[in-house]
There are 2 protein chains.
Amino acid sequence: MIERFAAGAAYIDGETVPVGEARIPITDLGFSRSDVTYDVVAVWGGAFFRLDDHLQRFERNCGRLRMTLPVDRDGMKAILHELVRRCGIRQSYVDVICTRGVSRTGSRDPRTFENRFYAYAIPYVWILRQDDPGAGMDAVIAKTVRRIPTDSVDPTVKNFHWGDLTRGQFEAYDRGGSHPVLLDYNGNVTEGSGYNVFAMVGDRLLTPESGTLEGITRRTVLELATAEGIKAEPATISEEAFRGASELFATSTAGGVMPITSLDGRPVGAGRPGPVTTLLRNRYWQAHEDPRYITPVDYDNTGDRRL
Amino acid sequence: MIERFAAGAAYIDGETVPVGEARIPITDLGFSRSDVTYDVVAVWGGAFFRLDDHLQRFERNCGRLRMTLPVDRDGMKAILHELVRRCGIRQSYVDVICTRGVSRTGSRDPRTFENRFYAYAIPYVWILRQDDPGAGMDAVIAKTVRRIPTDSVDPTVKNFHWGDLTRGQFEAYDRGGSHPVLLDYNGNVTEGSGYNVFAMVGDRLLTPESGTLEGITRRTVLELATAEGIKAEPATISEEAFRGASELFATSTAGGVMPITSLDGRPVGAGRPGPVTTLLRNRYWQAHEDPRYITPVDYDNTGDRRL
């Protein structure tokens, strides 16, 4: 059983299937209008990290898009435990998705659609492999594309509108880098393709306050930094301030705290992960053993789960 | 056979299936990053309208996204004839889609993905029903959202980044309208949720020159208007000029030329389709019998089609 699900398990229309067989209707507006929100929770060492924080954000974002989740919080949790249990893995990337769905009447009116919930669990995804603790991202500040403004698409509602981020990703490769950082139309830093960014500017640790997803990893890092006595806060970060930072790093559920060791081909600081970055990366992974943050996966299938 | 396909037929991974069974992988980046382009061709009276123009634009847009279509022009045509033949319908909405696809290696690098081609044919879609030739759209100029700027997502590469358009659609409903028109960040008119717009300003027929899809219906209308001796051209259209227009209409493959008879609750002109709108709507449907524009569907399956 587990072997069939080794590459991952998905919940589609009430059934649990191997992720490679998981498919959604081509007519779901979640695809054909990218009318969808999602969230990603990590399982680390056999436990979900900040599960309720992720699901709370996800539920809020469904509401902002005027979607109605067809499953409640407990139901989602039961599904997620089941998916990870099926895979039998201790480190997992768990995706929850709500789409506008498929028309029931033939009408184009999105208010008449039945919204859908999908989910899948796959082995943990690393935006930056961390086998080598000295490794870092080779970031570039994108010149050919700007982040979609918040008055067009709200970035705090986690979404699949990645056209700008994908353009930035191609530009990064073209310029010999690995990861893009996008500016807004005022020339301030926003985020990259799947990660928030932080900059050590003077004695303050800053992260863009608008134009970005309010990431849970970002929030965790702000909390952990504050607990360490570091002045950490969201702020407007100009391109110039970002370029002058003594340390830079990115954050994401898919990789945690990831040092940015070069920017546009030039070393950041000494060209290796700096002391604040390293401290917070260590604290971040230590937090994955903190009972306040974790929910052990029910691998034995003994919970009261309504599947 | 036909009955199974009455609601539509889809081409998925080399097979033709009823559209209700057509599904794409949940891990296709076409969904999970909206990394996709598409095009829509109409079949009217048993013939494709401007088939090569649509496929040429589609191929160009795949190139702009650095995707490689796994099927060539003749192959696509063979597939589309087959889909419409299976449905057995004379009026059809035919969608061709190219997605980034699914990772072959587990890498996140979009350059390593195998791009996918999907297509489906369904009964013709009307953005505005035209049973009543006096009916029109009740448009609103969206106040709560702006069109995604071209330096973020290029609107001439037809895409599913509809977050702004969907927000506009909800706003239109909230304000008692039926269809939104979005402004850019300079306050100029762009387009709506699936349609270009035209405005009769003085003696000139104008359509926004940037910030919009360069629609094939838009192009057809510009050609037909010019042939009628009307000064028709793309231009910058301020909100004020749009509000002062004597006639307004929208264009789309899904509905043709659609009068806008009210704007923000006030009548446009006399509150019914104007003379230029009506003339061009008639010319548009007449063009569907023009041999220069049409390609009869091979309903008898006698063509040299490599399926």
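Modeller: A residue is buried if 20 or more other C-beta atoms lie within 10 Å of its own. It is exposed if there are 12 or fewer, and partly exposed in between. Keep in mind that this is a predicted model.

Colleague: What percentage of the residues of chain A count as buried?

Modeller: 54% of its 307 residues count as buried.

Colleague: How do you know whether the radius of gyration of chain A agrees with that of a compact globule?

Modeller: Set one value against the other. The rule is 2.2 Å times the number of residues to the power 0.38. For 307 residues it gives a radius near 19 Å, and chain A has 20 Å, so the two agree. The C-alpha trace spans about 55 × 45 × 30 Å along its principal axes.

Colleague: What is chain A built from?

Modeller: Chain A has 7 helices and 17 strands. Take its contacts between residues at least 6 apart in sequence: 69% of them join residues at least 24 apart.

Colleague: What makes the relation of chain A to chain B that of a particular axis?

Modeller: Two copies of a chain are related by a rotation about an axis and a shift along it. Here the turn is 180 degrees, the shift along the axis is 0.0 Å, and chain A lies on chain B with an RMSD of 0.0 Å. Therefore the relation is that of a two-fold axis. Both copies use the same surface, as 100% of the contact residues of chain A recur in chain B.

Colleague: How many residues does the contact take from each chain?

Modeller: It takes 36 from chain A and 36 from chain B. In chain A, the elements that give two or more residues are strand 3 (23-25), helix 1 (29-32), strand 7 (114-123) and helix 4 (163-174). Helix 4 of chain A gives the largest share, 6 residues. The side of chain A that touches chain B divides into 18 nonpolar, 9 polar and 9 charged residues.

Colleague: How do you know that strand 3 of chain A pairs with strand 3 of chain B?

Modeller: Pairing needs at least two bridges. These strands have 3, and they run antiparallel. Therefore they pair. A:I24 stands opposite B:I24.

Colleague: Why is strand 14 of chain A called largely enclosed?

Modeller: 6 of its 6 residues, 247-252, are buried, so the rest of the structure largely encloses the strand. In a regular strand the side chains alternate between the two faces of the sheet. A:E247, A:F249 and A:T251 point one way, A:L248, A:A250 and A:S252 the other, and all are buried.

Colleague: Which strands are joined to strand 14 of chain A by bridges?

Modeller: Strand 11 (residues 196-201) of chain A is joined to strand 14 by 5 bridges, antiparallel. Strand 15 (residues 256-263) of chain A is also joined to strand 14 by 5 bridges, and these two run antiparallel. A:T251 shows both links: A:N196 stands opposite A:T251, and in strand 15 the bridge partner of A:T251 is A:V257. The hairpin of strands 14 and 15 has 3 residues between the strands, and A:G255 there takes a positive phi near 135 degrees.

Colleague: What makes the span of helix 3 of chain A close to the expected value?

Modeller: Helix 3 (residues 73-87) has 15 residues. At 1.5 Å a residue, 21 Å is expected, and the helix reaches 22 Å from its first C-alpha to its last. Its buried residues include A:M76, A:I79, A:L80 and A:L83. The buried residues of helix 3 pack against several elements of chain A, among them strand 4 (36-44), helix 2 (51-64) and strand 6 (92-102). Just after the helix, A:G88 takes a positive phi of about 70 degrees.

Colleague: Why is A:R66 called partly exposed?

Modeller: A:R66 has 13 C-beta neighbours inside 10 Å, so it counts as partly exposed. It sits in the loop between helix 2 and helix 3 of chain A. Its phi is near 60 degrees, a positive value in a residue other than glycine.

Colleague: Is B:D13 buried or exposed?

Modeller: Exposed, because 11 other C-beta atoms lie within 10 Å of B:D13, and the cut-off is 12 or fewer. B:D13 is in the loop between strand 1 (9-12) and strand 2 (15-18) of chain B. Its phi, near 50 degrees, is positive in a residue other than glycine.

Colleague: And why is A:L279 called partly exposed?

Modeller: Because A:L279 has 16 other C-beta atoms within 10 Å, and that count falls between the two cut-offs, 12 and 20. A:L279 lies in helix 7 (residues 275-286) of chain A. Its C-alpha is separated by 14 Å from that of A:F198, 81 residues apart along the chain.

Methods. Residues numbered from 1 in each chain as written. Chains lettered and ligands numbered in written order. Predicted model: local features only at pLDDT ≥ 70, side-chain atom pairs only at ≥ 80, totals over all residues. Least-squares fit on C-alpha atoms with pLDDT ≥ 70 in both. Contact = placed C-beta atoms within 7 Å. Helix = DSSP H or I, 4+ residues; strand = E, 2+ residues; numbered from the N terminus. Nonpolar A, V, L, I, M, F, W, Y, C, P; charged D, E, K, R; others polar. Expected span 1.5 Å × (residues − 1).
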